[in-house]
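Subject: Handover of a structure and its findings

Dear colleague,

Please find below the structure that I am handing over to you. I would be grateful if you could keep it open while reading the notes that come after it.

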Amino acid sequence: MNEFLTELDKTSHTKRWTIVDTFKEQTIDAHMYRTSMISLWISQKIQECGDFNKVMPYSIMARAMIHDWEEIYTGDIPATIGPLMDKKGLNELVQKDMSPFIKNLDEDPYHELDDLETLILKCADVLESLVFLVNNAPDSIHNKEVKKILRTNLEIVVCNIEKEVSGLDLKKEIDSYLV
């Protein structure tokens, strides 16, 4: 129990946004929590379209709550380069050498999720990052570039989700907030 609580406590001390100037700090645990809530919101929007069996909202939320766990050892992995990294290799290293708790988790939080659920988790992750920066980062040239990269990634993921769910207009809902 002590090891688990020690691991858990690290999530509240690990800062995000090492490459971006922000007005306030965000920790890994705050990001994972907010990502899980956004994944629930997206799942509910899909269910409102009548696709009740396409997603398991609480399964996606559980994955969202641990999706950046390895960052308690690595520090923040910027969203702009995360997709380029070998997360499986990183998670194997964390499981092997660093974390007694994470050994009980899948090697990848996206593992065992079907395609739509993977898209929801990725969408929630990118959307949370973008919303945080829109609300908490000045409009410097660098920050604008980071937001642009996130916005492009978000548009791709949202488009793929909307292809899977007929009648879903997630882009419109997100755009109305991010204007």
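The notes below go from the overall fold to particular residues.

**Overall picture and confidence**

Please note at the outset that this is a predicted model. The protein chain contains eight helices and zero strands, so that, read from the N terminus, its elements run α-α-α-α-α-α-α-α. Of its 179 residues, 46% are buried. The surface that the protein chain exposes comes to about 9,600 Å², with carbon and sulfur atoms supplying 54% of that area. Among contacts between residues at least 6 apart in sequence, 68% join residues at least 24 apart.

The average pLDDT of the protein chain is 83, and 80% of the residues score at least 70. Among the elements, α2 has the highest mean pLDDT, at 96, while helix α5 (residues 87-98) has the lowest, at 55. Over residues 102-107 the pLDDT stays under 50, and the model has 14 contacts beyond four places in sequence for these residues. Where pLDDT is low, the predicted coordinates should not be read in detail.

**The aromatic pair**

The structure holds one aromatic pair. Its members are Trp17 and Phe132, which are stacked, with 6.3 Å from centre to centre and 0 degrees between the planes. Trp17 belongs to the loop between α1 (2-11) and α2 (28-48), whereas Phe132 belongs to helix α6 (residues 115-136); the pair thus links distant parts of the chain, 115 residues apart. Trp17 counts as buried because its relative accessible area is 7%, and Phe132 counts as buried because its relative accessible area is 3%.

**Salt bridges**

A search of the whole structure finds eleven salt bridges. Three of the pairs are described here, followed by a network.

Lys15 and Glu25 meet through their side chains in a salt bridge, at 3.6 Å from N to O. Both Lys15 and Glu25 lie in the loop between α1 and α2, so this pair ties together parts that are ten residues apart in sequence. Lys15 is partly exposed, at 33% relative accessibility, and Glu25 is exposed, with a relative accessible area of 59%.

Arg34 and Glu128 form another salt bridge, in which the closest N and O atoms are 2.5 Å apart. Because Arg34 lies in helix α2 and Glu128 in helix α6, the pair ties together parts that are 94 residues apart in sequence. Are the two partners buried or exposed? Glu128 is buried, with a relative accessible area of 0%, while Arg34 is partly exposed, at 32% relative accessibility.

Asp139 and Lys147 also meet in a salt bridge between their side chains, at 2.9 Å from N to O. Lys147 is buried, with a relative accessible area of 12%, whereas Asp139 is exposed, at 54% relative accessibility. In addition, Arg151, Glu155, Lys171 and Asp175 are joined into one network by salt bridges that share partners.

**Two buried residues**

Ser39 is found in helix α2, and it is buried, at 0% relative accessibility. Which residues does Ser39 touch, not counting those up to four places away in sequence? They are Ile60, Met61, Ala64, Ile120 and Ala124.

Val146 has its place in helix α7 (residues 141-164). With a relative accessible area of 4%, Val146 counts as buried. Val146 and Val20 are 126 residues apart along the chain, yet their C-alpha atoms are separated by 8.0 Å.

**A nonpolar patch on the surface**

Met1, Leu5 and Leu8 make a nonpolar surface patch of about 320 Å². One of these residues, Leu5, is placed in helix α1. Leu5 is partly exposed, with a relative accessible area of 41%.

**Where to begin**

For a first look, I would suggest the stacked pair of Trp17 and Phe132, followed by the salt bridge between Arg34 and Glu128. Residues 102-107, where the pLDDT stays under 50, may be left until later.

With kind regards

Methods
Residues numbered from 1 in each chain as written. Heavy atoms only, no water. Phe/Tyr/Trp six-rings, centres within 6.5 Å; stacked < 30°, edge-to-face > 60°. Helix = DSSP H or I, 4+ residues; strand = E, 2+ residues; numbered from the N terminus. Buried < 20%, exposed > 50% of the residue type's maximum accessible area, 1.4 Å probe, protein only. pLDDT = per-residue confidence, 0-100. Contact = heavy atoms within 4.5 Å. Patch = residues over 30% accessible without salt bridge, like charges linked within 9 Å, V, L, I, M, F, W, Y side chains within 5 Å. Areas by Shrake-Rupley, 256 points an atom, 1.4 Å probe, with all protein chains shown as cover. Salt bridge = Lys/Arg side-chain N within 4 Å of Asp/Glu carboxyl O.
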